[in-house]
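Me: Please consider the model shown below. I should like to work through its overall form, its interior and a few individual residues.

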Amino acid sequence: MKTFQRSFTYIVLLFLYIPMVVLAVASFNAGTDPAVWKGFTLHNYSELFADGVLLPMLLNSVIIAVLSSLIATVLGTAACIGMHDMKPRLRSMYMTVTNIPMTNPDIVTGVSLALLFAFAGTMLKMKSVLGFVTLLIAHITFSLPYIIMSVLPKLSQMDPDLQEAAMDLGCTPRQAFFKVVLHEILPGVISGALMAFTMSLDDFVISYFVYGPKFVTLPVEIYNYTKKPLQPKIYALFTLLFMVILLVMIVMTMLEARDEKQQTQRRIAFRGGKMRKEAQG
């Protein structure tokens, strides 16, 4: 049974990563046909970095991803603190409502937001309401559930007496939050922010419905390239994006593993101290 499970896992990983490997190899191919290898070259990357259209679009995507992840992290962390103090039934209801943007199909979310922005534009008597602001709002909307999903479990794992102990030692509620609570939940905050960044950076479906002609993100612009034969520099761009996202995910996994190790060490130290007190008593 274990052999079957291991083999099935390898097959799944193979299907997941073979397209990315083919893409990466094609980005170094001197020819234009990915199926025919004509020698190693870095010309595709030099063309990419000299491109005057794709790079500004990439910068737009990075700006939206950074801003939306930062704002969503602040709002999501504040929401988690409020939800943590709720009764279990009320908290469960709020979690269900919060997870809707994450479980909802992207096309439904995109169309819904586009209709909302169109309605707002009509009420404000604006001819073109779609642009940077609508993109930012949309990305914050679908990023929030990932922040809450990462931060709320850390709050549940935290010892509730730590904040009260800090205030007993002279900290104000604000100081106790930044010195104790935020320190305890920081791995979850960082993991959520990184997840929101990656989700925002490569989002296409929702962005396609809420972008304006004055501010276009890279995934939307790439969609126009798919209507004709792809240029080799697009393969180079895809490879770089994949490597960036892979690096972010590796960092996030390392942070989670480090946090889990620290929590295990705290539990061991706590149990050891408790056993010593019992032995002395």
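Me: What radius of gyration does the protein chain have, set against a compact globule of 281 residues?
Reply: The radius of gyration is taken over C-alpha atoms, and the globule rule is 2.2 Å times the number of residues to the power 0.38. A compact globule of 281 residues would come near 19 Å, whereas the protein chain has 24 Å.

Me: On what basis should these values be read?
Reply: This is a predicted model, in which local features need pLDDT of at least 70 and side-chain atom pairs count only at pLDDT 80 or more, while totals for chains, interfaces and linings use all residues. Residues are numbered from 1 along each chain as its sequence is written, and side-chain values use heavy atoms, with hydrogens and water left out.

Me: How many helices and how many strands does the protein chain have?
Reply: Helices (H or I, at least four residues) and strands (E, at least two) are DSSP runs, numbered from the N terminus. Read along the sequence, the pattern is α-α-α-α-α-α-α-α-α-α-α-α. The C-alpha atoms fill a box of roughly 80 × 60 × 40 Å along the principal axes. The count for the protein chain is 12 helices and zero strands.

Me: What share of the contacts between residues at least 6 apart in sequence joins residues at least 24 apart?
Reply: Contact means heavy atoms within 4.5 Å. Among the contacts in the protein chain between residues at least 6 apart, the share joining residues at least 24 apart is 73%.

Me: What percentage of the 281 residues is buried?
Reply: Relative accessible area sets the classes: buried is under 20%, exposed is over 50%, and partly exposed lies in between (1.4 Å probe, protein chains only). By that rule, the buried residues of the protein chain make up 34%.

Me: Which helix gives the most residues to the largest nonpolar core?
Reply: A nonpolar core is a set of buried Ala, Val, Leu, Ile, Met, Phe, Trp, Tyr and Cys residues joined through side-chain atoms within 4.5 Å. The largest has 25 residues, and those touching the most other members are Cys-80, Leu-113, Val-151, Leu-155, Val-181, Ile-185 and Val-210. At least two residues each come from helix 3 (54-84), helix 6 (106-123), helix 7 (132-157), helix 9 (173-201) and helix 10 (205-210). The most, 10 residues, come from helix 7.

Me: Which residues does Leu-113 touch, not counting residues up to four places away in sequence?
Reply: Leu-113 is one of the core members that touch the most others. Beyond four places in sequence, its partners are Ala-138, Ile-206 and Val-210.

Me: How many residues form the second, separate core?
Reply: Its members include Val-220, Ile-222, Ala-236 and Leu-237. This separate core consists of 12 residues.

Me: How far apart in space are Ala-72 and Leu-144, C-alpha to C-alpha?
Reply: Ala-72 is found in helix 3 and is buried, with a relative accessible area of 0%. Leaving out residues up to four places away, Ala-72 touches Thr-77, Ile-140, Ser-143, Leu-144 and Ile-147. Ala-72 and Leu-144 are 72 residues apart in sequence, yet their C-alpha separation is 5.3 Å.

Me: Is Ala-196 buried or exposed?
Reply: Ala-196 belongs to helix 9. Apart from neighbours within four places in sequence, Ala-196 is in contact with Ser-69, Ser-143 and Ile-147. Because its relative accessibility is 0%, Ala-196 counts as buried.

Me: Where does Lys-125 lie?
Reply: Lys-125 is exposed, with a relative accessible area of 78%. Its phi is near 60°, a positive value in a residue other than glycine. Lys-125 lies in the loop between helix 6 and helix 7.

Me: What distance separates the C-alpha atoms of Thr-264 and Arg-174?
Reply: Thr-264 is found in helix 12 (residues 232-280) and is partly exposed, at a relative accessible area of 37%. Thr-264 and Arg-174 are 90 residues apart along the chain, and their C-alpha atoms are separated by 28 Å.
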